[in-house]
Amino acid sequence: MKDDPTIPADARFETRAIHVGQDYRSETGAVIPPIYMTSTFETGNPTGFDYTRSGNPNFRNLQATLASLENAKHCTAFASGISSITAIMLSLQAGDVVLSEQQIYGASYRLFEKVLRRFGITIKYANLSNPENYDMIAQIKPTLVWLETPTNPLLKILDIKAICDVAHSVGSVVAVDNTFASSLLQQPLDLGADLSQLSTTKYTNGHSDCLGGAVCTNSDAWQERMIFAQKALGLQPSPFDAWLVSRGAKTEAIRMERHSSNALELAQRLEVRKGVKSVKYPFLPSHPQHALAKKQMKSGSGMLLADFGMNYADTLDFIRRLRLFTQAESLGGIESLVAHPASMTHASIPKETREAAGVTDGLVRFSVGIEHVEDLWADIDRALSSGEMRARRCLHARRSQTPDRPAEAAAWPHAAAGVL
């Protein structure tokens, strides 16, 4: 991306988010560039555009902004997060090997298993949060190492720099899904990654009103592959969606500060609340990779896990009692969302398998929004307290129905057996 002489070279993230990628405002003096809702362009125009599938002013603006925010030389925008992953993976060829972190986004896993394998690409998995498994990289010598950190949904933190050092020593390329962290909180290219991929649907846009994806790189060769994929595979975003993501990126810094502070506060309160089995958040000292998270992330982001130790039905009842957390897929918007992995993202996985991976019936995933933290806490606390009161009433009712006199007990065989 070209340097803009009007923007100081040492401008910080917040300033670059607002001022980089503001071209094509023409003669109108529009403060915000317009949406170029056109499928084609007149041949020979001075900007070189010809057909929107292969380029549009809104794509170019967004790509300039995200390249700056990710400290990258290049960025290519795509129609969705999975489109950007597809662009990377379909740049490989039959016989190539991908070594992936074992715990990744479900749609990524589906793409790897249901699509890539059909094209002769080998996929292997490893727990790359454990340094003891780095030897697999040297042994396998994969074409591409695929990382996701923090991981979805269990928030494992992977050491990007350490893994890149090992991968590069055997000639492997490293790609990092940076979606959960965001461009503000983590810059994978600065840590040695070759590719940083984003679902811009999430924190970059931040308003849950469009889809988008992006791949950032310092490699000219990989940039050529991404531009080719955008055009040849038809993976480009719509101009309107690109414009929406550009709008969202301008407030990413201030939103991420609130997402992170809210999530940390809720995590700290949940960790000491009676009845909560466990809490996982990267910036809690109790997180297994807490030190690493603080080393490679500016703050913990807005994703929070809590295991309430409830059964399947009671967990869903708790979720339905929440008022400010909408039960829905996705994450990263200004509004708070809640997901139940056991009945949503991991519902098709046998219970024994998902519980072995840590996805229990009582596990709840919160995408913490930017509402006032006291309102969010009151909502969670009320939903928990309501469930506790209900459980006590049910227990009292069962006990009150249990006969005290031996003569009556004969008519209550279950009571005599200790079932009640």
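Author: Welcome! Rings of Phe, Tyr and Trp, the last by its six-membered ring, pair if their centres lie within 6.5 Å. Please keep in mind that this is a predicted model.

Reader: Thanks! How many aromatic pairs does the structure hold?

Author: Each pair is judged by the distance between ring centres, with the cut-off at 6.5 Å. Counted that way, the number of aromatic pairs in the structure is eight.

Reader: Is the pair of Tyr-109 and Tyr-125 stacked, edge-to-face or tilted?

Author: The ring centres of Tyr-109 and Tyr-125 are 5.6 Å apart, and their planes make an angle of 40°. Planes under 30 degrees apart would count as stacked and those over 60 as edge-to-face. Because 40° falls in neither range, the pair of Tyr-109 and Tyr-125 is tilted.

Reader: Which elements does that pair link?

Author: Tyr-109 and Tyr-125 are 16 residues apart and belong to distant parts of the chain. Tyr-109 has a relative accessibility of 42% and is partly exposed, and Tyr-125, at 25%, is partly exposed as well. The elements they link are helix 4 (residues 106-114) and strand 3 (residues 122-126).

Reader: Which residue lies over the face of Trp-222?

Author: Here a charge is placed over a ring if, for Arg, CZ is within 6 Å of the ring centre and within 35 degrees of the ring normal. The residue over Trp-222 is 4.4 Å from the ring centre, and its name is Arg-225.

Reader: Which helix gives the largest share of the largest nonpolar core?

Author: The largest nonpolar core has 45 residues, and Leu-66, Leu-128, Val-145, Leu-147, Ile-163 and Val-174 touch the most other members. One element supplies five residues of this core, the largest share, and that is helix 2 (residues 57-69).

Reader: How many residues are in the second, separate core?

Author: Tyr-281, Ala-293, Ala-306 and Leu-322 are included in this second core, which is separate from the largest one. Its number of residues is 31.

Reader: Is Ser-172 buried or exposed?

Author: Ser-172 sits in the loop between helix 6 (160-169) and strand 5 (173-177). Leaving out residues up to four places away in sequence, Ser-172 touches Lys-141, Pro-142, Thr-143, Val-145, Ala-167 and Asp-194. Its relative accessibility is 3%, and since the limit is under 20%, Ser-172 is buried.

Reader: Where does the side chain of Ser-172 reach?

Author: Pro-142 is among the residues that Ser-172 touches. At 2.5 Å, the side chain of Ser-172 reaches the backbone oxygen of Pro-142.

Reader: How many residues apart are Asp-220 and Lys-73?

Author: The side chains of Asp-220 and Lys-73 form a salt bridge, at 2.9 Å from N to O. Asp-220 is in helix 7 (residues 220-232), while Lys-73 is in the loop between helix 2 and strand 1 (74-78). Asp-220 is partly exposed at 41%, as is Lys-73 at 40%. Along the chain, the two are 147 residues apart.

Reader: Which residues are linked with Arg-269 in a network of salt bridges?

Author: Arg-269 and Glu-374 meet in a salt bridge at 2.7 Å, N to O. This pair links helix 9 (residues 252-272), with Arg-269, to helix 13 (residues 373-401), with Glu-374. The network joins Arg-269 with Glu-374 and Glu-265.

Methods: Residues numbered from 1 in each chain as written. Predicted model: local features only at pLDDT ≥ 70, side-chain atom pairs only at ≥ 80, totals over all residues. Heavy atoms only, no water. Helix = DSSP H or I, 4+ residues; strand = E, 2+ residues; numbered from the N terminus. Buried < 20%, exposed > 50% of the residue type's maximum accessible area, 1.4 Å probe, protein only. Core = buried A, V, L, I, M, F, W, Y, C linked by side-chain atoms within 4.5 Å. Polar contact = N/O pair within 3.5 Å; in protein donor to acceptor, adjacent residues only side chain to side chain. Contact = heavy atoms within 4.5 Å. Salt bridge = Lys/Arg side-chain N within 4 Å of Asp/Glu carboxyl O.
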